[in-house]
Amino acid sequence: MTDSHAADSPSAPRLWGAEARAVAGVRLKTLSADLPADLTTRVLTPDDADRLHVFRLSVVSSLADPDHYRMAGEVGNFVADHLGDKGLTAGIFRGDRLVAYGAIGLPGPGDANRGRDLGLPEEELALVAHMSSAMVEAPDRGRGLHHRLIAWRLEVARALGRPHLLTTVSPRNHVSWGHLAQHGLYPRRWLQVDKDLVRFLVHRDVRVEPVLDTTTARLVPLERLSGQTDLFAQGGRVWARLSGGDVPGGAAGAERRWYALCGRERIGPDR
Ligand SMILES: CC(C)(COP(=O)(O)OP(=O)(O)OC[C@H]1O[C@@H](n2cnc3c(N)ncnc32)[C@H](O)[C@@H]1OP(=O)(O)O)[C@@H](O)C(=O)NCCC(=O)NCCS
């Protein structure tokens, strides 16, 4: 199934700054629908820069595994870029307190563009949006906020005529890439993003719906993912994160086995 329209054409004019923010604001209804009653949403503005900066430092400093999010892997000035012309950020608030955000990057000509890392043709780079980052404060996790923030960014990218969604994520951060995969953003490549940082390059083109070739499907225990150098050979992708149940002997729900569902994309007319 394809889903494209004139705005997806590389030659169509792109929206930036205040106009893009207005489009993103209209899409807040996706983020707000059935939101827990104690929370509200809005698109952040440059006046939120300090608040966003402090929030990010606080979440990163309390990560269970520091590899899950490394600011060293970011490009440019994250906060300024995602509150100005180069990107948009939605905030979820309890009263005045920011409890979650999701940021989308809108690279322009000459900006760093993850489409190059995937090998997209030069004319497709104008159609790229970056799923740059999302963070939720620990007490509000498990309420569906991340899933909402992913859905909001997908809608905004679509509305802005950017069907290619790309980002990088730690293979150890399986909650994050597992959620992205649930929204059709699958790991497609290994990518070295800093001296010693190896990440999944995750991608979705909303105009196409790839299908797993089930004859190539295999489950890889998460702890063995990083050694799998051939994971992405011949159109390989990671399609999903699957739970294999609780670890024997562990307290119920305390520790689970997780697997990555890997395999190649089905090619051909009968796909
Ligand atoms: C990774 C992170 C963003 C996840 O945020 P979260 O808000 O807890 O995620 P969600 O609540 O959307 O999903 C968590 C679970 O709650 C479930 N859930 C509970 N209520 C839900 C609802 N109303 N709607 C949808 N899902 C719901 C989801 O199904 C999900 O289960 P799954 O993991 O098996 O899919 C958060 O842990 C975090 O900020 N981590 C630190 C920073 C980070 O790693 N960021 C990601 C890299 S950019």
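**Figure 1. Overview of the whole chain in the predicted model.** Two residues are taken to be in contact when their C-beta atoms, placed from the backbone, lie within 7 Å. Among the contacts in this predicted chain that join residues at least 6 apart in sequence, 71% link residues at least 24 apart. The secondary structure consists of seven helices and ten strands, and the C-alpha trace spans about 50 × 50 × 40 Å along its principal axes. The radius of gyration of the chain is 19 Å, which agrees with the value near 18 Å that a compact globule of 271 residues would have. Of the 271 residues, 32% count as buried.

**Figure 2. Close-up of the shell of residues around the ligand.** The ligand is surrounded by 21 residues, of which Val 136, Arg 141, Gly 144, Leu 145 and His 146 come nearest. Three elements, β4 (128-136), α6 (145-159) and α7 (174-182), each contribute at least two residues to this shell. Sorted by class, the shell holds nine nonpolar, ten polar and two charged residues.

**Figure 3. Close-up of helix α6, one of the elements that supply the ligand shell.** The helix comprises 15 residues and reaches 21 Å from its first C-alpha to its last, close to the 21 Å expected at 1.5 Å a residue. Its buried residues are Leu 145, His 146, Arg 148, Leu 149, Ile 150, Trp 152, Arg 153, Leu 154, Val 156 and Ala 157. Two of these buried residues, Leu 145 and His 146, also belong to the group that comes nearest to the ligand. As a general point for reading such a list, an α-helix has 3.6 residues a turn, so residues three or four places apart point the same way. The helix is followed by Gly 161, whose phi is positive, near 70°.

**Figure 4. Close-up of Met 131 in strand β4.** Met 131 is buried because 26 other C-beta atoms lie within 10 Å of its own, where the threshold for a buried residue is 20 or more. Leaving aside neighbours within four places in sequence, Met 131 is in contact with Ile 104, Arg 153, Leu 165, Thr 167, Leu 180 and Leu 185. One of these partners, Arg 153, is itself among the buried residues of α6. Although Met 131 and Arg 153 are 22 residues apart along the chain, their C-alpha atoms are separated by 7.2 Å.

**Figure 5. Close-up of the contact between domain 1 (6-209) and domain 2 (210-271).** The C-alpha centres of the two domains lie 24 Å apart, and the contact between them takes eleven residues from domain 1 and twelve residues from domain 2. On the side of domain 1 that touches domain 2, the elements giving two or more residues are α7 and β6 (186-194). The largest share of that side, five residues, comes from β6. The residues on this side of domain 1 divide into six nonpolar, two polar and three charged.

**Figure 6. Close-up of two residues, Asp 34 and Gln 234, that have positive phi although neither is a glycine.** Asp 34 has a phi of about 55° and is found in the loop between α2 (28-32) and β1 (40-43). Asp 34 counts as exposed, because 7 other C-beta atoms lie within 10 Å and the limit for an exposed residue is 12 or fewer. Gln 234, with a phi of about 50°, is placed in the loop between β8 (218-221) and β9 (236-246). Gln 234 is likewise classed as exposed, since it has 10 C-beta neighbours inside 10 Å.

**Figure 7. Close-up of Pro 46 in the loop between β1 and α3 (49-61).** Pro 46 is exposed, with 9 other C-beta atoms within 10 Å. Not counting residues up to four places away in sequence, Pro 46 touches Leu 83 and Gly 84. Pro 46 and Gly 144 are 98 residues apart in sequence and 26 Å apart in space, C-alpha to C-alpha, and Gly 144 is one of the residues that come nearest to the ligand.

**Figure 8. Close-up of Ile 267 in the segment after β10 (256-264).** Ile 267 counts as exposed because it has 12 C-beta neighbours inside 10 Å, and exposure is assigned at 12 or fewer. Ile 267 and Val 211 are 56 residues apart in sequence, and the distance between their C-alpha atoms is 8.4 Å.

Notes: Residues are numbered from 1 along each chain as its sequence is written. This is a predicted model: local features need pLDDT of at least 70, side-chain atom pairs count only at pLDDT 80 or more; totals for chains, interfaces and linings use all residues. A residue is near a molecule or strand if its C-beta atom, placed from the backbone, lies within 6 Å of it. Helices (H or I, at least four residues) and strands (E, at least two) are DSSP runs, numbered from the N terminus. Ala, Val, Leu, Ile, Met, Phe, Trp, Tyr, Cys and Pro count as nonpolar, Asp, Glu, Lys and Arg as charged, and the others, Gly among them, as polar. The expected span of a helix is 1.5 Å times one less than its number of residues. Domain bounds come from an automatic or database domain assignment. The radius of gyration is taken over C-alpha atoms; the globule rule is 2.2 Å times the number of residues to the power 0.38.
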